[in-house]
Amino acid sequence: MNIFFNISHPAHVHFFKNAISILERNGHKIIVASRKKEFTINLLNSYNIKHEVLTDYGIGFLGLLKELFQQQIKIARIIKKQPIDLMLQIGGIFNAPIGKVYKIPTLAFSDTENVTWGNKISFGLSSHVFCPTCFDTEFGGKWKNQILYPGYHELAYLAPEYVKKTFNRENNFLVRFVGWGASHDIGEKGLTRAQKIEIVQILSSFGKVHISSEGQLPDEIINFSSKVPIESIHEFMTTCRMIVGESATMASEAACLGIPAIFISNTGRGYTTEEDNKYRLIKHYHINQWKDILKTIREWASNDLFDEWQKKRWNMLKEKIYVTNWLVDLIENYPQSVIEAKKGNFERYYIKCAE
């Protein structure tokens, strides 16, 4: 098969990288497109994934709309050069319209309910939309081509088979600040400068703080900027005692690793809600819960929660699937695989938990 992956965000590199590797070994031709979003390009290069950069990252509604049209033109050129059998993308917004024009099946993967206009375009035009079972359909909507699977995006690269069995625990804290320029961030509000400084000051009294930030850091905390190579961030996370920040993805990554995480955002996701309410792996706060946020940061930072969180992690994992294994089968056996997914036939993909 000739399989087209459109990668728009660093997290999407992680989601697809293992599937791409397996599919290439199985003899398929892989065509990868990318965009200049944060360190997406560097990450693709670090994994030796050949790709064609299609666009710069469009900022704000008009910027993203302009980028959508640019992507359609450039993807069309790729399709004209070589036949494409299947197109895949997280979110799916860049693939879906042009895939519809050229009658190429498009698979979209989404765990983000609040990409309001983007989901309407993508989900309405994609052949199939795959979402975790925790997807909040009341907020994100129900779609006739939507199929739910028992997993998280982050388990495509942080399932036990991709993580070392023994963690090298150190007295590290990872803090993540986001840039609020993505389509799902429109209308969102992040932490203030003073709040960022206060979080770092508190954590620095308990251990070594490392900040990953999409935006410029205040001068008072710029010396805490992370020096960890981007391709090593997940291995570094396993050394951390806690992760605090505005990133839903990084909070979920922490949950998959069994590292305590505090997620601060005025809008959640279905997966952060599940990881908070059902598995107690993360704690999601809105920004106006500031006193509670600081109280939990101090409480968690002053205790060794590792063993407790590892038990919670395995309790969650036994109810989830090896997402990459399922994804590879989904692609190689398409479209019959979609029928199996619609029936909820995921038994053979469930994570084996020997603890």
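Let's start with a lysine. Lys-278 is partly exposed, at 49% relative accessible area. Keep in mind that this is a predicted model.

What does Lys-278 pair with? Its side chain meets that of Glu-319 in a salt bridge, 3.0 Å from N to O. The two residues are 41 apart in sequence. Lys-278 sits in the loop between α11 and β12. Glu-319 sits in the loop between α13 and α14. Glu-319 counts as partly exposed too, at 32% relative accessibility.

Stay in that second loop. Lys-320 is there as well, and its partner Glu-274 lies in helix α11, residues 270–277. Their side chains form a salt bridge at 2.8 Å, N to O. They are 46 residues apart, so this pair ties together distant parts of the sequence. Are these two buried or exposed? Glu-274 is buried, at 15%. Lys-320 is buried, at 3%.

Now a third bridge. Arg-176 and Glu-214 meet at 3.3 Å, N to O. Arg-176 belongs to strand β8, residues 172–177. Glu-214 is in the loop between β9 and α9, 38 residues away from Arg-176. Arg-176 is buried, with a relative accessible area of 8%. Glu-214 is partly exposed, at 28%. Shared partners extend this pair into a network: Lys-37, Glu-38, Arg-176 and Glu-214. The count for the structure comes to 12 salt bridges.

Lys-37 has another role in this talk. It lies over the face of Tyr-57, 4.9 Å from the ring centre.

That brings us to the rings. How many aromatic pairs does a search of the whole structure find? It finds 11. Take Phe-109 and Phe-130. They are stacked, with 5.4 Å between centres and 25 degrees between planes. Phe-109 is in strand β5 and Phe-130 in strand β6, so the pair joins parts that are 21 residues apart in sequence. Both of these phenylalanines are buried.

Next, Trp-300 and Trp-309. Their centres are 5.1 Å apart and their planes stand at 70 degrees, so this pair is edge-to-face. Both tryptophans are buried.

There is also an aromatic cluster. Phe-109 and Phe-130 are among its members, along with Phe-5, Phe-15, Phe-16, Tyr-149, Trp-326 and Phe-346.

Back to Trp-309. Lys-312 lies over its face, at 3.5 Å from the ring centre. Trp-309 and Lys-312 are among the buried residues of helix α13. That helix runs from 306 to 317, with 12 residues. From first C-alpha to last, α13 reaches 16 Å, close to the 16 Å expected. Others buried in α13 include Phe-306, Arg-313, Trp-314 and Leu-317. What do the buried residues of α13 pack against? They pack against α7, α10 and α12.

One last stop: Asn-119. It is found in helix α5, residues 116–125. At 4% relative accessibility, Asn-119 counts as buried, because the cut-off is under 20%. What does the side chain of Asn-119 reach? It reaches the backbone oxygen of Thr-112, at 3.0 Å. Leave aside neighbours within four places in sequence, and Asn-119 is in contact with Ser-110, Thr-112, Glu-113, Gly-124 and Trp-143.

To recap the charges: Lys-278 with Glu-319, Lys-320 with Glu-274, and Arg-176 with Glu-214. To recap the rings: Phe-109 with Phe-130, stacked, and Trp-300 with Trp-309, edge-to-face.

Note on methods: Residues are numbered from 1 along each chain as its sequence is written. This is a predicted model: local features need pLDDT of at least 70, side-chain atom pairs count only at pLDDT 80 or more; totals for chains, interfaces and linings use all residues. Side-chain values use heavy atoms; hydrogens and water are left out. Rings of Phe, Tyr and Trp (its six-membered ring) pair if their centres lie within 6.5 Å; planes under 30 degrees apart count as stacked, over 60 as edge-to-face and the rest as tilted. Helices (H or I, at least four residues) and strands (E, at least two) are DSSP runs, numbered from the N terminus. Buried means under 20% relative accessible area, exposed over 50%, partly exposed in between (1.4 Å probe, protein chains only). A charge sits over a ring if NZ of Lys or CZ of Arg is within 6 Å of the ring centre and within 35 degrees of the ring normal. A polar contact is a pair of N or O atoms within 3.5 Å; within protein, one must be able to donate a hydrogen and the other to accept it, and residues adjacent in sequence count only if both atoms are side-chain atoms. Contact means heavy atoms within 4.5 Å. The expected span of a helix is 1.5 Å times one less than its number of residues. A salt bridge is a side-chain nitrogen of Lys or Arg within 4 Å of a carboxyl oxygen of Asp or Glu.
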